[in-house]
Amino acid sequence: DLAELDRYLGVKEPVEEECLAHLHTSGASAALVKAIAAHMGLQIDVRISTTSQRARFRTHALSRTDADGRGTDGIAAQVAIPTDLPLYGSASLSGYVVDVLLGHQFKTARSDTAITLLAHELSHVLLHSLKHPRRDSEQFTDLVPLVLGFSEVVHCGRHVISSEDLGDRVRTTTVTLGYLSDSEFESARQEVAHLLSARRALRSRLVATASDLRRRAERALTQSAQFHRLISDLDSTRRRIRRQDAQRIVAMHAPGYLLPLE
């Protein structure tokens, strides 16, 4: 699965979580959705709707749901995916308006949890815009944010812990968001880290090779300029040339003289 996503999307560097968290804590929900989407390569626009405290809505998001599939913990996020969603990378997708529905507790949720919810939902948009054959698989969709730089954010944000005071004791409940087990998630997270490490090593080698080639090219250009100045000085001289140097001078004027011998 990750190898397939790597072929489709590659592996991105981690997102700047602090910037995204600031958008969430400042209440800039639309800007947060657009920032996450942009990191995924989705240059979309968004239209935000927020549920009331009593309202519940049907959702396929990462939040806990009741027996009817309705969000019960209030922090759900749902992105509407129209049937005519433009293709990924097309001009029609740029600025395309996507409707986002947020639960009433979304704004007070932890930032990493809010980002996790939105990254999952926007991954559905991404896969649908790619017409990916596995776009309806929740497990496959869970993997998309990991390869697109949200691995560490999701690692922290996928667990929602709440406490309830029962008088003589406190009951703590942990809800895990997503469709991957902890072991599956950790395995995928480690594989993504390995892929990213390999990409960084390859990039470092390519940068070093490019720097070496640039230095060689600059040195060759300098030597070439010096050679042509010497040739110009030689051509402008009025002194007699020794017979034994004539053949060398002719050869020096031949095309390709400075090319290395094979």
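Good morning. I shall begin with a single residue, L122, whose place is in helix 4. The model on the screen is a predicted one, and L122 offers a way into its interior.

Is L122 buried or exposed? Its relative accessibility is 0%, so L122 counts as buried, the limit being under 20%. Which residues does it touch, once those up to four places away in sequence are set aside? They are V33, I36, A37, M40, L42 and I44. Please look at M40 in particular. Along the sequence, L122 and M40 are 82 residues apart, yet in space their C-alpha atoms are 8.3 Å apart.

Let us now step back to the chain as a whole. It has seven helices and five strands. Reading from the N terminus, the order is α-α-α-β-β-β-α-α-β-β-α-α. Of the 262 residues in the protein chain, 35% are buried. The accessible surface comes to about 15900 Å², and carbon and sulfur atoms hold 52% of that area. What share of the contacts with a separation of 6 or more joins residues 24 or more positions apart? The share is 66%. The pair L122 and M40, with their positions 82 residues apart in sequence, illustrates such a separation.

I turn next to the interior. The largest nonpolar core has 49 residues, and those touching the most other members are I36, L118 and F150. Several elements give two or more residues to this core, including helix 1 (2-9), helix 3 (29-39) and helix 4 (111-129). Strand 2 (77-79) and strand 3 (97-102) also do so, as do helix 5 (138-157) and helix 6 (182-236). You will recall I36 as one of the residues that L122 touches.

F150 deserves a moment of its own. Not counting residues up to four places away in sequence, F150 touches V15, L20, I36, H39, M40, I115, A119 and P145. Thus I36 and M40 appear among the contacts of F150, and they appear among those of L122 as well.

Another residue of helix 4 is H120. Because its relative accessibility is 1%, H120 counts as buried. Its C-alpha atom is separated by 6.2 Å from that of D142, a residue 22 places away along the chain.

The strands give us a further example. S49 is found in strand 1, which covers residues 45-50. With a relative accessible area of 36%, S49 is partly exposed. Beyond its neighbours within four places in sequence, S49 is in contact with V100, L101 and L102. Between S49 and D99 the sequence separation is 50 residues, and the C-alpha atoms are 7.5 Å apart.

Let me also draw your attention to the loop between helix 4 and helix 5, where K131 lies. What is the phi of K131? It is positive, at about 55°, although K131 is not a glycine. Most residues other than glycine have a negative phi. K131 is partly exposed, at 42% relative accessibility.

Finally, some remarks on particular side chains. How many disulfides are there? The count comes to zero. Among the cysteines, C19 has a relative accessible area of 44% and is partly exposed, while C156 is partly exposed at 41%. How many aromatic pairs does a search of the whole structure find? Again the number is zero. One ring does have a charged partner, however: R158 lies over the face of F185, at 4.3 Å from the ring centre.

To close, I return to where I began. L122 is buried in this predicted model, and its contacts include I36, which is one of the three residues named for touching the most other members of the largest nonpolar core. Thank you for your attention.

Methods:
Residues numbered from 1 in each chain as written. Predicted model: local features only at pLDDT ≥ 70, side-chain atom pairs only at ≥ 80, totals over all residues. Heavy atoms only, no water. Helix = DSSP H or I, 4+ residues; strand = E, 2+ residues; numbered from the N terminus. Buried < 20%, exposed > 50% of the residue type's maximum accessible area, 1.4 Å probe, protein only. Contact = heavy atoms within 4.5 Å. Areas by Shrake-Rupley, 256 points an atom, 1.4 Å probe, with all protein chains shown as cover. Core = buried A, V, L, I, M, F, W, Y, C linked by side-chain atoms within 4.5 Å. Disulfide = S-S within 2.5 Å. Phe/Tyr/Trp six-rings, centres within 6.5 Å; stacked < 30°, edge-to-face > 60°. Lys NZ or Arg CZ within 6 Å of the ring centre and 35° of its normal.
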